[in-house]
Amino acid sequence: MKRLLLLSVLAFSLLGYAQSLPIYLDESKPMEARINDALSRMTLEEKVAMCHAQSKFSSRGVPSLGIPDNWMSDGPHGIRAEVKWDEWNQAGWTNDSCMAFPALTRLAASWNPEMSLLYGKSIGAEARYRNKNVLLGPGVNIYRTPLNGRNFEYLGEDPYLSSRMVIPYIQGVQSNGVAACVKHFALNNQEVDRHEVNVTVSDRALYEIYLPAFKAAVTEGHAWAIMGSYNKYKNQWCCQNQYTLQDILRKEWNFDGVVVSDWGGVNNTMEAATRGLDMEFGTWTNGLTEGYSNAYDNYFLANSFLNLLRTNKLNEDIVNQKVRNILRLCFRTTMNSHRPFGEFASKAHGDAARKIAEDGIVLLQNRGDVLPFNPDKVKKVAVIGENAIRMMTVGGGSSSLKVRYEISPLQGISQRLSGKAEVIYARGYKGELKGGQDGINTDAGLVENRSESELAAEAVKVAKEADAVIFIGGLNKNDHQDCEGVDRESYGLPYGQDALISQLAKVNKNLAVVIISGNAVAMPWVKEVPSIVESWYLGSEAGNAIAATLFGDVNPSGKLPFTFPVRLEDNCANFYGPEAYPGVNKEEKYAEDIFVGYRWNEIKKITPLFAFGHGLSYTKFKYGKLTADHSTMNSDGSITFSIDITNIGSRTGSEVVQLYISDLKCSLPRPVKELKAFDKVSLNPGETKTVHFTINKDALSFFDAAKHAWVAEPGMFKAHAAAASDDVRSSVEFQLK
Ligand code: BGC
């Protein structure tokens with residue numbers, strides 16, 4: 001009886017509590033009702049305070065309502081170290097060293113959405129553990145020129161591949177109650193003049209090439225945040241752009257998340273207030289590099305915005321709309337009591353980083369099956385090149401990380417061969433010292449007083465005496481290499497690496513050249529060298545993943561997410577000269593239109609160095625005949641293609657089977673073919689699997705600018721099953737009725 005009484009008292013008090021809970025705190029109530037309730041309790045000052053930064057990476061919540069501040073972090077490869085409240089300098093924390101995941105180019109090279117999900121889940125958990133509710137990434141700007149210093153942060157040249165890869169990343173991040181902030185929207189395809197350049201592009205290229213990954217992120221990935229870019233489109237800065245933010249993002253795609261500015265991307269109050277931006281970050285009253293304390297009151301969306309609202313020059317609906325979007329962010333993240341607690345720099349995240357790293361290494365060339373090296377047969381291995389010892393998680397701009405650990409290629413190879421073979425290291429060349437970034441000095445161990453010729457001579461001598469030679473070079477994260485804020489100055493490898501590689505090839509035929517980069521590079525020595533590996537920036541587990549691949553523990557299965565042209569002028573954007581890249585007087589015209597990447601090579605019949613989609617394996621795959629389940633497709637129907645893939649080699653391996661579509665007759669020029677589906681299949685030796693691809697009218701459509709609509713013209717099409725864009729194995733025709 002006593003117990004019953006106690007229980008009823010408890011039940012009544014809980015009921016009472018629930019009844020007294022304000023609507024905005026009641027998670028059983030619909031989101032929009034909670035937002036309206038919170039909004040009705042806020043002062044104008046509180047609303048405006050939410051719309052701009054209060055520190056380098058945070059903006060105010062609503063303290064009077066118990067709604068926490070919003071905390072952002074770069075992104076997109078790991079959680080950036082803490083900086084001081086009002087400075088870019090490191091805060092000097094000792095518990096903020098993260099796990100570094102591979103660069104996004106590397107993720108794209110896996111062509112494996114499962115890796116993308118694992119990536120998103122893991123990095124999202126790191127953000128959550130560090131109490132960030134917005135991750136500034138992923139980046140999905142299209143790879144338009146190999147000179148763009150920031151390509152390593154993006155997902156390659158193809159709108160379909162980048163769209164499929166971005167969705168699981170976002171879902172993974174957001175499953176932690178952390179918003180993914182997709183960046184940089186839109187047309188931020190270079191770093192030169194990034195704050196001023198005005199891009200002119202046709203509607204067709206905009207919709208077919210540059211927008212699809214953003215659209216997929218919003219409409220299928222359901223991203224909770226997006227970041228406007230620095231550049232201009234139609235002469236409006238993209239953080240305050242009527243066309244991209246209002247007409248496309250909000251109206252066409254029904255985006256209900258927050259639009260965040262890039263750091264320092266806002267340029268005036270009225271436009272920022274009225275053209276779709278919600279939150280302003282990184283503005284300096286004095287440019288991006290110097291700042292004064294309390295600059296935050298001088299932000300465009302701070303006091304001057306407040307004054308316009310107070311004096312009724314702007315209607316309160318304008319700020320309410322922004323605050324609604326920001327509150328939605330809060331309710332989805334910090335105010336969600338069910339979100340997990342996160343996990344940081346754990347063993348599980350190290351394993352995930354390694355798995356992702358190993359799934360995307362691209363074996364570009366392997367003449368005479370030089371790779372994999374047999375760890376039981378080689379007795380003396382020469383490792384040559386600065387990238388074997390240089391830290392690659394530091395530098396490159398805002399994606400620079402402070403990591404718990406980074407296994408260098410030399411460490412990874414030495415550990416793999418420990419007790420089996422002698423590993424001799426020679427640097428071979430030297431890049432410039434940069435001093436590191438964000439307080440992390442990377443120069444230790446890189447100081448070198450010998451001349452270039454002395455270094456090269458030592459490397460050649462070491463190579464001559466070894467059973468196997470591994471050259472590890474490429475680009476690095478210094479300015480004018482793979483680095484934010486500046487583009488590369490040339491397409492070739494820096495620091496005399498080309499000459500050195502040629503010399504090494506002369507003295508030892510058992511040579512593997514491993515390129516670490518986020519961009520294509522020229523390879524004038526391609527015919528002299530038997531094996532070439534594109535390993536990308538790999539994060540904390542770099543050395544382990546490289547060693548496992550070179551010594552055959554892992555069978556490479558990555559494919560290129562962008563074309564490697566032979567010469568720079570073979571690339572679409574660089575073909576047309578400065579008007580098309582990097583622009584003249586801050587005006588740039590995307591003259592190649594829709595013909596970007598392999599679309600350009602194919603329409604112009606230019607043979608690439610290595611094609612989009614190319615990547616070899618230590619085994620071989622046989623493709624059967626591509627068949628279609630119907631010979632015609634109705635415009636509201638679909639069609640399924642099937643093909644048998646057999647592993648005819650002696651090792652287990654994975655193959656990325658690619659499906660391209662050609663429109664055989666069209667009223668407008670179209671690419672020779674376009675990627676419309678892919679699948680990565682793992683096969684044991686002798687095993688056969690049937691791969692199925694189902695497509696619908698979307699895969700046949702082009703963007704008709706006059707109608708402002710996607711159109712599929714009835715007629716004949718051809719589907720191609722391919723191992724690379726330049727390696728079609730079987731095709732079949734079908735008709736659209
Ligand atoms: C970059 C963004 C980054 C932001 C914050 C900007 O300079 O363009 O990608 O998220 O800084 O670090």
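Here are three short exercises on a predicted model, each with a worked solution.

**Exercise 1: the ligand's surroundings**

Find which residues lie closest to the ligand, and how the shell divides by residue type.

Solution.
Step 1. Count the shell: 14 residues surround the ligand.
Step 2. Pick out the closest. They are Asp-74, Arg-150, His-184, Tyr-230 and Asp-262.
Step 3. Sort the shell by type. Five residues are nonpolar, two are polar and seven are charged.

**Exercise 2: polar contacts and cover**

Identify polar side-chain atoms that approach an oxygen atom of the ligand, then state how much of the ligand the protein covers.

Solution.
Step 1. Recall the cut-off: a polar contact is a pair of N or O atoms within 3.5 Å.
Step 2. Check His-184. Its polar side-chain atom is 2.7 Å from a ligand oxygen.
Step 3. Check Arg-150. Here the distance to a ligand oxygen is 2.8 Å.
Step 4. Check Tyr-230. A polar atom of its side chain also lies 2.8 Å from an oxygen of the ligand.
Step 5. Turn to the cover. On its own, the ligand has 310 Å² of accessible area, and the protein covers 96% of that.
Step 6. Place the ligand: it sits in the second largest pocket.

**Exercise 3: the sheet**

Work out which strands stand at the edges of the sheet, and how E6 and E9 pair.

Solution.
Step 1. Write the strand order: E1-E2-E3-E4-E6-E9. This is an open sheet of six strands with mixed pairing.
Step 2. Read off the edges. E1 (58–59) and E9 (258–260) each have a single partner strand, so one side of each lacks a neighbour in the sheet.
Step 3. Look at E9 and its pairing with E6 (residues 225–228). The two run in the parallel sense, over three bridges.
Step 4. Name one bridge: Ala-225 partners Val-258 in E9.

Conventions. Residues numbered from 1 in each chain as written. Predicted model: local features only at pLDDT ≥ 70, side-chain atom pairs only at ≥ 80, totals over all residues. Heavy atoms only, no water. Near = heavy atom within 4 Å. Polar contact = N/O pair within 3.5 Å; in protein donor to acceptor, adjacent residues only side chain to side chain. Areas by Shrake-Rupley, 256 points an atom, 1.4 Å probe, with all protein chains shown as cover. 1 Å grid on protein atoms, 1.4 Å probe; cavity = no way out; pocket = protein on both sides within 12 Å on 5 of 7 lines; lining within 4 Å. Sits in = over half its atoms within 2 Å of the grid points. Nonpolar A, V, L, I, M, F, W, Y, C, P; charged D, E, K, R; others polar. Pairing = 2+ DSSP bridges. Helix = DSSP H or I, 4+ residues; strand = E, 2+ residues; numbered from the N terminus.
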